[in-house]
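Thanks for making time this morning. I would like to walk through one model with you, slowly, and I will try to keep to what the coordinates give us.

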Amino acid sequence: MLQHEFRTPLSTAITLVAILLKMPLDQAALKQTRIVYSALQLLNNILNGLLDLRSSQQGTFVPKVEVFDPQEVFTLVEDIFKLDAQLAGIQLLFTQVSA
């Protein structure tokens, strides 16, 4: 099945970065490695969502409920886009509005 062609290399990359996170790194390298790890996890979630969509179309999808921290999601998105902005030489500002 096609999912193994995507999942195996992605799982390998996630595992290697997780191992790297356990090594002694300076603060900058640790932050960047955490961003890579989070981005890979996000990619894995997207892949799983696409595969779930396919299952849904085939009538075999079983939804699951997951608890998440919105602040954690916001921080991840901010970190990923700030890195892209920094590489492009532009300033990116995020504003969080409290309810």
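Let me start with a single side chain, Ile46, which counts as partly exposed because its relative accessibility comes to 47%, the band for that label running between 20% and 50%. Please keep in mind throughout that this is a predicted model.

Ile46 is found in helix α2, and it has company at the surface, since Leu42, Leu43, Ile46, Leu50 and Leu53 form a nonpolar patch there. Taken together, the residues of that patch have about 450 Å² of accessible area.

Staying in helix α2, I would also point to Gln41, which lies in that helix and which, with a relative accessible area of 27%, is partly exposed. Its C-alpha atom is separated by 9.2 Å from the C-alpha atom of Ser11, although Gln41 and Ser11 are 30 residues apart along the chain.

Now to the empty space, where a general remark may help: rolling a probe the size of a water molecule over the atoms shows where such space is left. In this model the largest pocket has a volume of about 570 Å³. Of the 18 residues that line the largest pocket, the closest to its centre are Leu42, Asn45, Glu66, Phe68 and Val73, and you will recognise Leu42 as one of the members of the nonpolar surface patch.

Which helix gives the most to the lining of the largest pocket? That is α2, with nine residues, while α2, spanning 27–58, and α3, spanning 70–88, each supply at least two residues of the lining. Sorted by class, the lining of the largest pocket has eight nonpolar residues, with five polar and five charged ones beside them.

That brings me to charges. Side chains of opposite charge can pair when their charged atoms come close. How many salt bridges does the structure hold? It holds one, and in it the side chains of Glu78 and Lys82 meet, at 3.2 Å from N to O. Both residues lie in helix α3, four residues apart, which is about one turn of the helix.

Are the two partners buried or exposed, or something in between? Glu78 is buried, because its relative accessible area is 15% and the label applies under 20%, whereas Lys82, with a relative accessible area of 37%, is partly exposed.

I will stop there and take questions.

Methods:
Residues are numbered from 1 along each chain as its sequence is written. This is a predicted model: local features need pLDDT of at least 70, side-chain atom pairs count only at pLDDT 80 or more; totals for chains, interfaces and linings use all residues. Side-chain values use heavy atoms; hydrogens and water are left out. On a 1 Å grid over the protein atoms alone, a cavity is a set of points where a 1.4 Å probe fits but cannot get out, and a pocket is an open set with protein on both sides within 12 Å along at least five of seven lines; lining residues have an atom within 4 Å of a point. Grid points are joined across faces, edges and corners, and a volume is the space filled by probe spheres set on the points. Ala, Val, Leu, Ile, Met, Phe, Trp, Tyr, Cys and Pro count as nonpolar, Asp, Glu, Lys and Arg as charged, and the others, Gly among them, as polar. Patches are made of residues with over 30% relative accessible area and no salt bridge: like charges are joined within 9 Å, nonpolar side chains (Val, Leu, Ile, Met, Phe, Trp, Tyr) within 5 Å. Accessible areas come from the Shrake-Rupley method with a 1.4 Å probe; for residues, only the protein chains shown count as cover. A salt bridge is a side-chain nitrogen of Lys or Arg within 4 Å of a carboxyl oxygen of Asp or Glu. Buried means under 20% relative accessible area, exposed over 50%, partly exposed in between (1.4 Å probe, protein chains only).
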